[in-house]
Amino acid sequence: MGLDTFASSTSEDVRLTEEQENAFAEAEVQLCGGLFSGGGSSFRGKVYHEVVAEITGASLYQDWITPDEVKKMADCFQVLRDEEIEGFAAEFDLAPSEVVDLGKFFKVCSEHNLGLIGWW
């Protein structure tokens, strides 16, 4: 089953301010996009759901992940050491930069009080 993951300030519909969109651009988040996702504020969740679950214990396969939960997810990524990043990348067939960029993505969400909308 496919999954696209979108940062949003509301669970009802994807909503971001220009400032929030710019924060993703400034963070230079480069993650795999899907048919409707891609760019800094969204990504192809199906590609990353296993590594996110392993690192954070949270599934991306949810309609809405609250900003509080996203902050916890960001915290899990922020404490990873380089060797852990490389290990997760190898285990899930990702580039280490993708694991780093997932951390950047969740950090931007956390800093801007954003949750995640899952669409599949």
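**Aromatic rings, packed helices and exposed loops**

At 58% relative accessibility, aspartate 82 counts as exposed, because the cut-off for that label is over 50%. This residue belongs to the predicted model described here, where aspartate 82 lies in helix 4, which covers residues 82-91. Aspartate 82 and proline 96 are 14 residues apart in sequence, and their C-alpha atoms are 8.8 Å apart in space.

Two loop residues are also exposed. Glutamate 28 is found in the loop between helix 1 and strand 2, and its relative accessible area of 55% makes it exposed. Asparagine 113 sits in the loop between helix 5 and strand 4, the latter spanning 115-119, and counts as exposed at 54% relative accessibility. The backbone at these two places deserves a second look. Most residues other than glycine have a negative phi. Glutamate 28, however, is not a glycine and has a positive phi of about 55°. Asparagine 113, another residue other than glycine, has a positive phi near 55°.

A buried loop residue gives a contrasting picture. Threonine 10 lies in the loop between strand 1 (4-8) and helix 1 (18-27). With a relative accessible area of 17%, threonine 10 is buried, because buried means under 20%. A polar atom of the threonine 10 side chain lies 3.2 Å from the backbone nitrogen of glutamate 12. When neighbours within four places in sequence are left aside, the contacts of threonine 10 are Arg15, Trp64 and Ile117.

Attention now turns to the aromatic residues. A pair of aromatic rings is described by the distance of the centres and the angle of the planes. With rings counted as a pair if their centres lie within 6.5 Å, the model has 7 aromatic pairs. In one of them, the ring centres of phenylalanine 43 and phenylalanine 106 are 6.5 Å apart and the planes stand at 80°, so this pair is edge-to-face. Phenylalanine 43 lies in strand 2 (residues 42-43) and phenylalanine 106 in helix 5 (residues 96-111), so the pair ties together parts that are 63 residues apart in sequence. Phenylalanine 43 counts as buried, at 0% relative accessibility. Phenylalanine 106 is likewise buried, with a relative accessible area of 0%.

Phenylalanine 106 also pairs with phenylalanine 77: their ring centres are 5.4 Å apart and the planes are at 45°, so the pair is tilted. This pair too links distant parts of the chain, with phenylalanine 77 in helix 3 (residues 67-78) and phenylalanine 106 in helix 5, 29 residues apart. Both phenylalanine 77 and phenylalanine 106 are buried. These three phenylalanines are part of one aromatic cluster, formed by Phe24, Phe43, Tyr48, Phe77, Phe105 and Phe106.

Two members of the cluster, Tyr48 and Phe106, reappear where helix 2 meets helix 5. Helix 2 (residues 45-56) packs against helix 5 at an angle of about 70°, with the axes 11 Å apart. That angle makes helix 2 roughly perpendicular to helix 5. From helix 2, the residues in contact are Tyr48, Val51, Val52 and Ile55, while helix 5 brings Glu98, Val99, Leu102 and Phe106. Sorted by class, this contact has 7 nonpolar residues, no polar ones and 1 charged residue. The charged residue is Glu98.

Definitions and conventions:
Residues numbered from 1 in each chain as written. Heavy atoms only, no water. Phe/Tyr/Trp six-rings, centres within 6.5 Å; stacked < 30°, edge-to-face > 60°. Helix = DSSP H or I, 4+ residues; strand = E, 2+ residues; numbered from the N terminus. Buried < 20%, exposed > 50% of the residue type's maximum accessible area, 1.4 Å probe, protein only. Axes fitted to C-alpha atoms, helices over the stretch in contact; angles between N-to-C directions. Parallel < 35°, antiparallel > 145°, perpendicular 65-115°, else oblique. Contact = heavy atoms within 4.5 Å. Polar contact = N/O pair within 3.5 Å; in protein donor to acceptor, adjacent residues only side chain to side chain.
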